[in-house]
Amino acid sequence: MADKPKLSMYWAAACGGCEIALVNLNEKILDVDAAFDFMFCPCLLDTKKKDIEALPDGAIAITLFNGAIRTAENEEMACLLRKKSQTLIAFGSCSAEGCIPGLANFHTRDDLMKAVYLDNATIDNPGNIIPRPETEVAEGTLQLPAFYDRVRTLAQVTDVDFFIPGCPPEPHQIWNVVSAVIAGAPLPPKGGVLGAGRSAVCEECDRKKEDKKIAKLFRTYELVPGKEACLLEQGLICMGIATRDGCGALCPKVNMPCTGCYGPPEGVLDQGAKMVAALGSIIDIGDTKGLAEEEIFRRIDAVFGSIPDYAGMFYKYSLPGSILKGRIS
Amino acid sequence: MTADKTVRGDTAFEPKIIGFLCNWCSYAGADKAGTAQSPYPPNVNVIRVMCSGRIDPQFVMKAFEQGADGVIILACHPGDCHYKEGNYRAAQRYRLLLQLLEPFGIERERCRFDFVSAGEGDKFVQVITEMVETVRALGPLIIPA
Ligand code: SF4
Ligand code: SF4
Ligand code: SF4
């Protein structure tokens, strides 16, 4: 037993879905257990931080780190696990790109605190108490981990060996990675993406693609799309075109547009900007030709006007990992 | 680059603006202004692209991230695009990009799109001058570390 390589999994600013994805390996979890000493995972096991601190550096073979870096505690655990692990993997979208917690970067920390602790309709906080890193009470000083100004990705606070994208990563892709490691297969160069492709979701999507010309955009609830044609061609904003392949085009398969959870494809720095580029290419310009210049802008705005929040939509999973990383002022 | 940035309203602030100009019309327009020796503010660093349709919105994001206080995109007039409709594509991307910039806290005036033909040296001077003054009034764009 003691000879098996150690495997750990940790959650930082996360939802717990990544642990569920691991458990969704179903019976293959027994193979994981046979190959590894699965020794740390606060969601599933009772090992404590002090047990990790007591290990020699590099004692853990692989750490799957899910969750973004929101607090000082998240960062402390990221650095601790980096030190104790030979291979640190950013597991899931939160860790790789910032994901849903990272959408908070469109707001300032003060706005968030105000919304959550003061203005929220279901909050009764007559003392207007907002969490602080240190609070003096009669018995001494109470401490909480600092809440940072911005959400960061794992790679923005420590050195990361590999990335497994997805919200959460698909179990079959987790298995691809785990079984390759068990078999001793060579891994890609450091910094590479595991458990996904290099291209876009469209590559693995079976829907019929034709010349894209869109005259009107719909929100998902406004349209029951046809089962055959590309969703984007039908006017739904499907982000498959700016999202890394690997999931098997799960969402378009069940008539839902891709929302982008596998992050940007290889070589793309900014998923939102890529969606702007893609949508700019497929809006039907037929009837804008020959119009006055101001009228052209008005027409374009009218087509785009039916969707209320492009930034939230295009950066749903990737804001902290994007070029600008969040609100700048 | 951020070292020379000063507070909003400080007259010492010289905006740094990145200009993406299409090769066939707007760059030639800028050239015309140059040949005519028309004075215009030196704040715009021009990047020549073969077509305004080549301007990936990532370039604009990158320019802001790298310290630009403003970005200007100049394209051929509608109907004049060397590649038929690159400028329409650029206009569409620009209008959508504006919607992304706002939640990032980047005022829409920091990103301008206009049409300048090869013959419009004067319009080039006018557009550049306006842009520099607009961005000067907005103050520097400071990207957190
Ligand atoms: S990547 Fe998705 S499933 Fe995993 S922790 Fe983040 S939000 Fe949850
Ligand atoms: S845009 Fe969406 S629906 Fe269309 S091919 Fe790509 S993934 Fe499939
Ligand atoms: S289709 Fe898109 S949103 Fe759906 S699982 Fe795949 S990458 Fe994620």
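This passage describes the overall build of chain A and the surroundings of ligands 1 and 3 in a predicted model. Residues are numbered from 1 along each chain as written, chains are lettered from A and ligands numbered from 1 in written order, and side-chain values use heavy atoms, without hydrogens and water. Local features require pLDDT of at least 70 and side-chain atom pairs pLDDT 80 or more, whereas totals for chains, interfaces and linings use all residues.

Chain A contains 12 helices and 9 strands, taken as DSSP runs (H or I, at least four residues; E, at least two) numbered from the N terminus. Its C-alpha trace spans about 70 × 55 × 30 Å along the principal axes. Of the 329 residues, 47% are buried (under 20% relative accessible area, 1.4 Å probe, protein chains only). Among contacts (heavy atoms within 4.5 Å) with a separation of 6 or more, 73% join residues 24 or more positions apart.

Ligand 1 is surrounded by A:Ala14, A:Cys15, A:Gly17, A:Cys18, A:Asn66, A:Ser93, A:Cys94, A:Cys99, A:Gly166, A:Cys167 and A:Pro168, a residue being included if one of its heavy atoms lies within 4 Å. Helices α1 (17-23) and α5 (93-96) of chain A each give two or more residues to this shell. The shell comprises 7 nonpolar, 4 polar and no charged residues; Cys, Ala and Pro are among those counted as nonpolar, and Gly counts as polar.

Around ligand 3 lie A:Thr243, A:Cys247, A:Cys251, A:Pro252, A:Cys258, A:Thr259, A:Gly260, A:Cys261 and A:Tyr262. This shell divides into 6 nonpolar, 3 polar and no charged residues.

Conventions:
Buried < 20%, exposed > 50% of the residue type's maximum accessible area, 1.4 Å probe, protein only.
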